[in-house]
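Please open the model in a viewer and keep the selection panel at hand. The tour below proceeds from one selection to the next and states what is to be found at each stop.

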Amino acid sequence: MAETLRGLGVSPGRAAGRVYRMAGPPPLPAPARAVEADRELSEALRALEATAAELAARAERAPDSTAGEILEAQSFIARDPGLYESVEANVRAGMDAAHAIDAACAHHRRALLEAGGYFAERASDLDDIRNRAVAVVLGLPMPGIPDPGHPFVLVAEDLAPADTVNLDPALVLALLTEKGGPTSHTAILARARALPAVVACRGVIGLDDGTWVSVDGARGEVETGIGEEAATEIQRRAVADRRRSGTSRGPGRTSDDHPVKLLLNIGSAADLRATGSPAGRDAPADPAGEGRGDVASEGVGLFRTEFLFLDRREPPGYEEQVAAYEAVLRAAPGGHVVIRTLDAGTDKPLPFLGLPEEPNPALGVRGLRVSRIRPEVLDTQLDAIAEAARAAGAEPWVMAPMVTTAGEAADFAGRARARGIRHVGAMVEVPAAALRAGRLLNELDFLSIGTNDLSQYTFASDRQHGELADLLDPWQAALLQLIADCAAAGQAAGKPVGVCGEAAADPLLATVLVGLGVSSLSMSAPSIAPVRDSLAAHSLAQCRQNARLALGADDPAQARKLVMPG
Ligand code: PEP
Ligand code: MG
């Protein structure tokens with residue numbers, strides 16, 4: 001039966017295909033009463049072997065050697081004789097196959113945690129093996145990103161950055177999540193890859209694998225009950241539309257030539273290779289042949305370095321970091337790169353940091369605050385950035401996330417300048433920093449406003465929370481007021497203040513931000529051309545008028561209505 005499911009459209013675009021769900025950990029049924037030990041044992045060992053074989057096959061297909069090594073090591077653990085022995089002992093003690101695997105993995109997990117250090121970091125590997133093997137025994141869908149062998153629409157409760165970072169855009173047509181909010185990392189990564197995405201979409205997790213759907217990432221709608229033929233036609237048109245859009249070129253400016261740098265948000269040099277072409281060059285880069293990723297930016301406004309650290313058991317070493325930063329510095333259009341130091345914590349947990357569990361992680365040790373506990377991580381990163389800059393003959397701008405006070409800004413600037421880094425800045429993500437932007441600029445050379453976190457902290461609303469999306473709407477006047485105050489501080493100090501949160505990617509809101517006085521906008525690659533077109537259609541005076549109208553509105557809906565042309 002045809003049905004339209006509605007959620008928040010967080011990454012525009014159409015797509016159609018069959019859905020496959022990313023399953024969660026399989027729950028254990030009640031223990032079987034009478035078990036036939038030999039049958040249960042062979043069932044359990046078959047499941048462990050199937051799991052090991054599946055992990056080994058994934059290792060072969062892994063996009064890079066690091067991911068390949070992790071998966072291969074995991075497949076060895078699934079074949080570990082010690083694990084097999086525990087499973088056998090559990091079955092002989094009367095457990096069925098699923099409970100025997102669960103208990104054996106729990107036992108080995110405890111042992112790893114007790115051993116600490118490197119071994120403790122492998123505990124999550126055992127969780128994954130447990131989930132996969134139990135799913136095989138119970139005949140439930142395999143946890144993790146599905147691999148149906150053809151392009152599909154990915155459905156999940158929610159996605160962690162580690163899940164999404166290796167998604168193959170040639171296979172995943174769109175992302176649909178039951179939970180999540182407009183500034184969650186699912187949303188950010190979807191936009192970065194030009195994948196249509198709908199989050200907080202109630203009911204989507206209940207769709208059967210293989211169901212054909214059409215997705216509208218702008219309206220936040222998912223239509224079920226369509227057939228293969230209709231889906232193929234929608235997908236064909238979506239690809240054609242993407243090819244047609246985003247044809248504007250050149251540096252960002254208003255219709256009366258007021259310059260506004262349009263910059264890219266990236267997670268690695270691969271993002272630049274996939275999408276980058278310097279301003280003015282006109283051959284669009286489109287590796288997937290899908291009309292995704294036609295850019296012409298003026299540099300990188302936010303290099304999220306934490307993607308190098310995610311999904312790792314050990315932090316990347318100094319040499320590896322130098323190579324990663326140098327690759328970006330060499331590949332960046334126009335050579336302008338703003339590198340953000342590690343932003344770990346909350347929704348980007350990094351187990352190797354050994355951060356304590358916190359009741360309120362978003363309000364705890366995250367971003368720059370991690371350097372209170374592990375100062376050497378930041379120092380190594382700054383050393384690596386300085387070395388990469390020397391090697392590439394570049395002058396990167398370097399900023400810290402979650403700076404809250406002028407004292408923190410001064411401390412960060414001191415450490416960076418001691419290493420020869422000349423352009424030092426901070427992200428404004430905490431209202432305290434926005435309120436004291438002028439004081440921060442006494443210590444720094446630039447500010448970059450992270451509207452995703454600034455919304456979260458200004459409105460006391462978890463950025464992942466679908467129910468609170470209205471509060472997190474970047475058209476909220478209180479958020480715009482803080483941006484205006486930062487921009488004014490920048491103009492008074494004669495120093496640049498840009499926006500690198502997702503607000504910068506909204507073509508109409510971009511006119512408001514420019515009217516408020518920001519000097520650059522940094523966004524995912526697919527948004528560059530629409531934002532450039534929108535600025536080119538407005539004079540600076542019109543942008544300022546839009547800013548006045550938006551600041552004076554009672555709510556985001558009214559603000560949009562007042563600013564919307566016609
Ligand atoms: C932000 O908070 O707006 C930002 C750009 O940082 P991130 O989304 O990586 O937290
Ligand atoms: Mg942030």
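**An aromatic pair**

Begin with Phe152, which is buried, with a relative accessible area of 2%. The model is a predicted one. Add Tyr20 to the selection; Tyr20 is buried as well, at a relative accessible area of 16%, and both values fall under the 20% limit for that class.

A search of the whole structure finds four aromatic pairs. In the pair of Tyr20 and Phe152, the ring centres are 6.0 Å apart and the planes stand at 90°, so the arrangement is edge-to-face. The pair joins distant parts of the chain: Tyr20 belongs to strand β3 (residues 14-21) and Phe152 to strand β4 (residues 152-156), with the two positions 132 residues apart.

**The magnesium ion**

Next, select ligand 2, the magnesium ion, together with Glu429 and Asp453. Which atoms coordinate the ion? They are OE of Glu429 and OD of Asp453, at 2.0 to 2.1 Å. Here too distant parts of the chain are linked: Glu429 is in the loop between β13 (423-428) and α15 (431-435), whereas Asp453 is in helix α17 (residues 451-458), 24 residues apart. Both Glu429 and Asp453 are buried.

**Two packed helices**

Now display residues 375-392 (helix α13) and residues 406-418 (helix α14), whose axes come within 9 Å and cross at roughly 45°. The two helices are therefore oblique to each other. The crossing of α13 past α14 is right-handed. To view the contact itself, show the side chains of Pro375, Leu378, Asp379 and Leu382 in α13, which meet Phe412, Arg415 and Ala416 in α14.

**Phe309 in its loop**

Move to Phe309, located in the loop between β10 (300-304) and α11 (318-331). Is this residue buried or exposed? Phe309 counts as buried, at 1% relative accessibility. Beyond its neighbours within four places in sequence, Phe309 is in contact with Pro316, Gln321, Tyr325, Leu342, Leu350, Phe352 and Gln381. A distance label between the C-alpha atoms of Phe309 and Leu342 should read 8.2 Å, for a separation of 33 residues in sequence.

**Ser520 in a strand**

Finish at Ser520, in strand β16 (residues 520-523). Ser520 is buried, with a relative accessible area of 15%. With residues up to four places away in sequence left out, Ser520 touches Val260, Lys261 and Leu263, as well as Val497, Gly498 and Val499.

Methods
Residues are numbered from 1 along each chain as its sequence is written. Chains are lettered from A and ligands numbered from 1 in the order in which they are written. This is a predicted model: local features need pLDDT of at least 70, side-chain atom pairs count only at pLDDT 80 or more; totals for chains, interfaces and linings use all residues. Side-chain values use heavy atoms; hydrogens and water are left out. Donors are N, O and S atoms within 2.8 Å of the metal (3.2 Å for Na, K and Ca); water is not among the atoms, so sites may look incomplete. Helices (H or I, at least four residues) and strands (E, at least two) are DSSP runs, numbered from the N terminus. Buried means under 20% relative accessible area, exposed over 50%, partly exposed in between (1.4 Å probe, protein chains only). Rings of Phe, Tyr and Trp (its six-membered ring) pair if their centres lie within 6.5 Å; planes under 30 degrees apart count as stacked, over 60 as edge-to-face and the rest as tilted. Axes are lines fitted to C-alpha atoms, for helices over the stretch in contact, and angles run from 0 to 180 degrees between N-to-C directions. Angles under 35 degrees count as roughly parallel, over 145 as roughly antiparallel, 65 to 115 as roughly perpendicular and the rest as oblique. A crossing is left-handed if the near helix is turned anticlockwise from the far one by less than a right angle, and right-handed if clockwise. Contact means heavy atoms within 4.5 Å.
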